[in-house]
Amino acid sequence: MTLSKSEQQERVRRTVYKILPVISILLLLTLWVVASGNDSTSFPSPMAVYDRFLKFMQKPIQKLSLWQHILASLGRVLVALIASWVLGISFGILIGWNKKANALLGPIFTAFRVVPPLAWIPLITIWFGTGEFPKILVVFIGAVMPVVVNTQAGMSNVDQQYLDVGRIFNADKWQMLLDFAIPSALDAIFAGVRTSASAAWMVVLAAEMLGGKSGVGFLITRGMDSGDLPLVLLSMICIGIIGAILAIAMQLIERWVCPWTVRKSS
């Protein structure tokens, strides 16, 4: 079967897109080997990091294996994300749909939004100590902001045509909100959900580095304090892998809930 010119070009394009990520990873590994081979630096080699991984499997830190430290971080992120999605989407719908609520609460949210999540750590530590709840609270603050911002933007920019259709069918206020406004704003809402997942993963690592006895962020601090650079780099690799998995998972959830976004991108 002979392919047309456009089909051949499409096949070549897909092949290139599959090869480029492999080339990118190989270039990164090559750069790593070159950097670690320089005698003027103490940058750990891939083999040193792998040996540290094997040592970690045999001798846990704080009586926790690497997987348990990862699960500790993910557990904090999951709790904070669920809370941020429930409260953030609800609050974003409120101030995005109700002009009076936006006039009353919008300025307050804007004032808090510009404060970086990590700036809250000293106050939260003074108020609640250094247990689990303070870490989850810091992650919640970092995750809820993009959810509210995107939800508000989506609700404020609902296409007027959808609302006109609702009025034609004599929809009441709740029907206009639930059946027309919110479904049309799902793209923006899930953009905030995706961003919140990345933000939560970054913030939890910073919170663990400032205080804690478990988690990937704690491992980085432990390696830094003890001069264990292979442990630091191993933790960074875990951070990148888990972050990529979270991003892929959020994309799959979005495609399941909002399948029309795939058609738009294609």
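Start by selecting helix α10, residues 216–226, in this predicted model. Color Val216, Gly217, Phe218, Leu219, Ile220, Thr221 and Gly223, which are buried. What covers them? Show α2, α3 (66–97), α9 and α11, which are among the elements that cover the buried residues of α10.

**Stop 1: α10 against α11**

Keep α10 on screen and add α11, residues 229–257. The axes of these two helices come within 8 Å of each other and cross at roughly 160°. Are α10 and α11 roughly parallel or roughly antiparallel? An angle over 145° counts as roughly antiparallel, so that is the label for this pair. The crossing of α10 and α11 is left-handed.

Now turn on side chains where the two helices meet. On the α10 side, pick Val216, Leu219, Ile220, Arg222, Gly223 and Met224. Their partners in α11 are Leu231, Val232, Ser235, Met236 and Ile239. Sorted by class, this contact of α10 with α11 has eight nonpolar residues, two polar ones and one charged one.

Before you move on, click Gly227, just after α10. Gly227 has a positive phi of about 70°.

**Stop 2: α2 across α11**

Next, hide α10 and bring up α2, residues 46–58. How far apart are the axes of α2 and α11? They are 9 Å apart, and the helices pack at an angle of about 85°. That angle makes α2 roughly perpendicular to α11.

To see the meeting point, select Ala48, Val49, Arg52, Phe53 and Phe56 in α2. Then add Pro230, Leu231, Leu233, Leu234 and Ile237 in α11. By class, the contact of α2 with α11 has nine nonpolar residues, no polar ones and one charged one. Leu231 may look familiar: it was also on the α11 side of the contact with α10.

**Stop 3: α9 alongside α11**

Swap α2 for α9, residues 186–210. The axes of α9 and α11 are 10 Å apart, with a packing angle of about 160°. That makes α9 roughly antiparallel to α11. Which hand does the crossing of α9 and α11 have? It is right-handed.

From α9, select Phe190, Val193, Arg194, Ala197, Trp201 and Leu205. From α11, select Ile239, Ile242, Gly243, Leu246, Met250, Gln251, Ile253, Glu254 and Val257. Together, the residues of the contact of α9 with α11 divide into eleven nonpolar, two polar and two charged. You have already met Ile239, which is on the α11 side of the contact with α10 too.

**Stop 4: the loop with Ser214**

Follow the chain out of α9 into the loop that leads to α10, and stop at Ser214. Is Ser214 buried or exposed? Its relative accessibility is 12%. Buried means under 20%, so Ser214 counts as buried.

Show what Ser214 touches: leaving out residues up to four places away in sequence, these are Leu64, His69, Ala72, Arg76 and Glu208. Zoom in on Arg76, whose side chain makes a polar contact with the side chain of Ser214 at 2.7 Å.

**Last stop: Gln8**

Finish in helix α1, residues 5–36, by selecting Gln8. Gln8 is partly exposed, with a relative accessible area of 41%. Then select Gln161 and draw a distance line between the two C-alpha atoms: it spans 41 Å, while the residues are 153 apart in sequence.

How values were computed
Residues are numbered from 1 along each chain as its sequence is written. This is a predicted model: local features need pLDDT of at least 70, side-chain atom pairs count only at pLDDT 80 or more; totals for chains, interfaces and linings use all residues. Side-chain values use heavy atoms; hydrogens and water are left out. Axes are lines fitted to C-alpha atoms, for helices over the stretch in contact, and angles run from 0 to 180 degrees between N-to-C directions. Helices (H or I, at least four residues) and strands (E, at least two) are DSSP runs, numbered from the N terminus. Angles under 35 degrees count as roughly parallel, over 145 as roughly antiparallel, 65 to 115 as roughly perpendicular and the rest as oblique. A crossing is left-handed if the near helix is turned anticlockwise from the far one by less than a right angle, and right-handed if clockwise. Contact means heavy atoms within 4.5 Å. Ala, Val, Leu, Ile, Met, Phe, Trp, Tyr, Cys and Pro count as nonpolar, Asp, Glu, Lys and Arg as charged, and the others, Gly among them, as polar. Buried means under 20% relative accessible area, exposed over 50%, partly exposed in between (1.4 Å probe, protein chains only). A polar contact is a pair of N or O atoms within 3.5 Å; within protein, one must be able to donate a hydrogen and the other to accept it, and residues adjacent in sequence count only if both atoms are side-chain atoms.
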